[in-house]
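Thanks for coming, everyone. I'd like to walk you through one structure today, starting from a single residue and working outwards.

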Amino acid sequence: MKIFCQECGAANDPGSKECRICHASLPRNDSKPDYGKFNFEASPAPVKEIQPPIYLLWSLALTFCCCSPLAILAIIFGLQSHLAFKNKDYERAERKSESTRIVLIWSTVLGFVMWIVLFVSGVFD
Ligand SMILES: [Zn+2]
């Protein structure tokens, strides 16, 4: 049976250690019985090997709506998280994802405050 890549979904030959398309590491399940493999494919991948969310759309939206330097920082953290994940440094990817989220929450709050201040100060009158 083919091994399906969890990153890009490509079918790889049995026994492959990494994906031929994206070079992500593949689950080594050739020693498991077939029903185990079936279960494995049907269930989500182990938590550690899922790319943590990097909130890129949120970061980009904030960058363009609020011109917030914090949002740019969030994009940088998000990219660092993505790169760490690609290097299989899952712990760092998690940490960077968390940093991204915190920075985004702050920049969203500050962005809102900025708009409210601008609105209240009568800039749009
Ligand atoms: Zn792949």
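Let's begin with Ser81 and who it touches: leaving out residues up to four places away in sequence, Ser81 is in contact with Pro52, Ile54, Ala93, Lys96, Ser97 and Thr100. Please keep in mind that this is a predicted model. Ser81 sits in helix H3, residues 69-86. Is Ser81 buried or exposed? It counts as buried, because 26 other C-beta atoms lie within 10 Å and the cut-off for burial is 20 or more. Another pair to look at is Ser81 with Glu98: they are 17 residues apart along the chain, and their C-alpha atoms are separated by 9.1 Å.

Now a step back to the helix itself. H3 has 18 residues and reaches 26 Å from its first C-alpha to its last, close to the 26 Å expected at 1.5 Å a residue. Which residues of H3 are buried? They are Ala71, Ala74, Ile75, Phe77, Gly78, Ser81, Ala84 and Phe85. As you look at that list, remember that an α-helix has 3.6 residues a turn, so residues three or four places apart point the same way.

Some of these residues turn up again in the core. The largest nonpolar core has 10 residues: Ile54, Tyr55, Trp58, Leu62, Ala71, Ala74, Ile75, Phe77, Val103 and Leu104. Helix H2 (56-66), H3 and helix H4 (90-120) each supply at least two residues of this core. Which helix gives the largest share? That is H3, with four residues. As general background, nonpolar side chains in soluble globular proteins tend to be buried together.

Let me pick out Leu62 from that core. Setting aside neighbours within four places in sequence, Leu62 is in contact with Ser68, Ala71, Leu104, Ser107, Thr108 and Gly111.

Tyr55 is another core member, and I'm rather fond of this one. Tyr55 is found in the loop between H1 and H2. Tyr55 has a positive phi of about 55°, although it is not a glycine. Why does Tyr55 count as buried? Because 21 other C-beta atoms lie within 10 Å, and 20 are enough for that label.

On to H4. At 1.5 Å a residue, its 31 residues should span 45 Å, and the end C-alpha atoms are 45 Å apart, which agrees. The buried residues in H4 are Ala93, Lys96, Ser97, Thr100, Val103, Leu104 and Ser107. You may recognise Ala93, Lys96, Ser97 and Thr100 from the contacts of Ser81. After H4 comes Gly122, with a positive phi near 85°.

Between H3 and H4 there is a loop, and two of its residues deserve a moment. One of them is Lys88, just after H3, which takes a positive phi of about 65° although it is not a glycine. Lys88 counts as exposed, because it has 12 C-beta neighbours inside 10 Å. Asp89 is in that loop too, and it is partly exposed, with 14 other C-beta atoms within 10 Å. Asp89 and Glu49 are 40 residues apart along the chain, and their C-alpha atoms are separated by 9.4 Å.

For the other part of the chain, let me take Leu26, in the loop between E2 and H1. Leu26 is buried, since 21 other C-beta atoms lie within 10 Å. Not counting residues up to four places away in sequence, Leu26 touches Ile3, Cys5, Asn12, Ser16, Lys17, Glu18 and Cys19. Leu26 and Phe4 are 22 residues apart in sequence, and 7.8 Å apart in space, C-alpha to C-alpha.

Finally, the whole chain. The protein chain has four helices and two strands, and from the N terminus on they run β-β-α-α-α-α. Of its 125 residues, 22% count as buried. Among contacts with a separation of 6 or more, 42% come from residues 24 or more positions apart.

And how confident is the prediction? The protein chain averages a pLDDT of 82, and 82% of the residues score at least 70. Which element has the lowest mean pLDDT, and which the highest? Helix H1 (residues 34-42) has the lowest, 52, and strand E2 (residues 11-12) the highest, 92. Where pLDDT is low, the predicted coordinates should not be read in detail. Thanks for listening, and I'm happy to take questions.

Note on methods. Residues numbered from 1 in each chain as written. Predicted model: local features only at pLDDT ≥ 70, side-chain atom pairs only at ≥ 80, totals over all residues. Contact = placed C-beta atoms within 7 Å. Core = buried A, V, L, I, M, F, W, Y, C linked by C-beta atoms within 7 Å. pLDDT = per-residue confidence, 0-100. Expected span 1.5 Å × (residues − 1).
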